[in-house]
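Take a slow look at the fold below. We'll wander through its pockets, then its charged pairs, then a patch on its surface.

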Amino acid sequence: MADTLSALIPGTPKAPRLRNPLGGVGRTLGTCVLLAWTWCRAIAQYPMALSLFTTGVVLASLAEMGAVVVVFGHAGTLAGFSMYEGLLIYALAAFAFGGAQFLMGAVDRLGEQIRTGGFDTMLVRPVSPLIQLATDQFSPRRLGRVVPALIVLVFALVKCDIDWSPGRVLMLVVLLFSGVAICSSVWLLAGCLQFFVADAREAANSVTYGGQAFTEYPIAIYGRDLVRAVTFVVPLAFVSWQPALYLLDRPDPMGLPEFLRYFGPFVAVALALVAALVWRFGLRHYRSTGS
C-alpha cells in the first residue's frame, strides 16, 4: 500500500522491504528443493521403473547388512566387538554414505557431463553448477539407502549397552550429521578428479563406495598403518569408527588418543572447506568440452 501511495504522491516514503533472514542459504536450499522436486515429478511419470529401482537399492542395502551379520555370525566377535556393536558400526557408515549419496550422488557423473557438454550448459544458467550437478536426475530411490540404515541404526542402539544421557543423545545427532558432511566432502573431492581426468569415475567410485565398504566393519581389524591413514589422511574413521567408540564408551584398540572421538564435527568442517576450495580450483581451470 505504501509503495502505491509513493507512486501516486511524490515525497511519500517507500515501505521497507523485508529481507529473508536466511539470506543466501535460504535461496540455495530453495533452489535445491525446486530442482530435486522437478526431477521427482519427471520420474514419477514412470511409477513402475521408480518402484523397481527403489526396490533394487533397498535389496542391495539389505545384502550389505546381511554380509555383516554373516561375518559376525561365523566369527562371533571382530576386534572385540559383538554382532550388535558391529551392526552399530555398519549402520553409522551406511547412514553417512547413504546421506552423502542422497545429497551428492550425482557428482560422480561430472566426467560424463563434461564429455557431453552438459556441464557447459550448467555454467551459463543462473544457478550454482554444483547445485545443478548434485540434483541432476534426482530420484526418491536415493532414500533406499538412508531409510534401511536408519532402521538398523535404531535397532543397534537399542540392543547395544549404551549409557544414555542428554549430552550423549545430542552428540549422537551431531556425529550423524558430521558423518554425512564428511562423506559428502569425500564424494565431492573424488568427483573433482574428473575436472582433470574425464574418465576418472571408476577411481572416484573406489574412494566413495570403497570407503563405505571399508568403514562398515571395525577398522581395528586392519593394519595399524591403514588405520592411521584413514584417521589422519582420509578421515573416514570419523564416519563410523570414532562415533561408535564414543557411543559404546570403549577405548581405541589401536591405542589412538581418546579425544579423537570428539573431533568428528571439526573434521567435517575442515574437509568441507577443502572440498569447496578444490571445487573452485577445478572450476577456474576448466576450459570447456574437449579441452
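What volume does the second largest pocket have? About 300 Å³. Keep in mind that this is a predicted model. The second largest pocket is lined by 17 residues, and closest to its centre sit Gln 101, Arg 109, Arg 141, Arg 142 and Tyr 209. Two helices, α3 (47-75) and α10 (201-215), give two or more residues each to that lining. Sort the lining residues by character and you get five nonpolar, five polar and seven charged.

Now for the largest pocket, which holds about 650 Å³ of space. Its lining has 23 residues, with Cys 32, Leu 103, Met 104, Leu 130 and Ala 134 nearest the centre. Here the split is 19 nonpolar, four polar and no charged. Several helices supply at least two residues each, among them α4 (83-104) and α9 (166-192), but α2 gives the most, with six.

Next, the charged pairs. Side chains of opposite charge can pair when their charged atoms come close. The count of salt bridges in this model comes to three. Here they are:

| Pair | Closest N to O distance |
|---|---|
| Arg 145 and Glu 64 | 3.3 Å |
| Arg 250 and Glu 85 | 2.9 Å |
| Arg 109 and Asp 136 | 3.5 Å |

Let's see what each pair connects. Arg 145 sits in helix α8 and Glu 64 in helix α3, so this pair links distant parts of the chain, 81 residues apart. Arg 145 counts as buried because its relative accessibility is 16%, under the 20% cut-off. Glu 64, at 23%, counts as partly exposed.

Arg 250 lies in the loop between α12 and α13 and Glu 85 in helix α4, so their salt bridge ties together parts that are 165 residues apart in sequence. Arg 250 is partly exposed, with a relative accessible area of 23%, while Glu 85 is buried at 16%.

Arg 109, which you met in the second largest pocket, lies in the loop between α4 and α5, and Asp 136 is in the loop between α7 and α8, so this pair ties together parts 27 residues apart. Are these two buried or exposed? Both Arg 109 and Asp 136 are buried.

Finally, look at the outside. Phe 259, Tyr 262, Phe 263 and Phe 266 form a nonpolar patch on the surface, with about 430 Å² of accessible area together. Within it, Phe 263 has its place in the loop between α12 and α13. At 35% relative accessibility, Phe 263 counts as partly exposed.

Key. Residues are numbered from 1 along each chain as its sequence is written. This is a predicted model: local features need pLDDT of at least 70, side-chain atom pairs count only at pLDDT 80 or more; totals for chains, interfaces and linings use all residues. Side-chain values use heavy atoms; hydrogens and water are left out. On a 1 Å grid over the protein atoms alone, a cavity is a set of points where a 1.4 Å probe fits but cannot get out, and a pocket is an open set with protein on both sides within 12 Å along at least five of seven lines; lining residues have an atom within 4 Å of a point. Grid points are joined across faces, edges and corners, and a volume is the space filled by probe spheres set on the points. Helices (H or I, at least four residues) and strands (E, at least two) are DSSP runs, numbered from the N terminus. Ala, Val, Leu, Ile, Met, Phe, Trp, Tyr, Cys and Pro count as nonpolar, Asp, Glu, Lys and Arg as charged, and the others, Gly among them, as polar. Patches are made of residues with over 30% relative accessible area and no salt bridge: like charges are joined within 9 Å, nonpolar side chains (Val, Leu, Ile, Met, Phe, Trp, Tyr) within 5 Å. Accessible areas come from the Shrake-Rupley method with a 1.4 Å probe; for residues, only the protein chains shown count as cover. A salt bridge is a side-chain nitrogen of Lys or Arg within 4 Å of a carboxyl oxygen of Asp or Glu. Buried means under 20% relative accessible area, exposed over 50%, partly exposed in between (1.4 Å probe, protein chains only).
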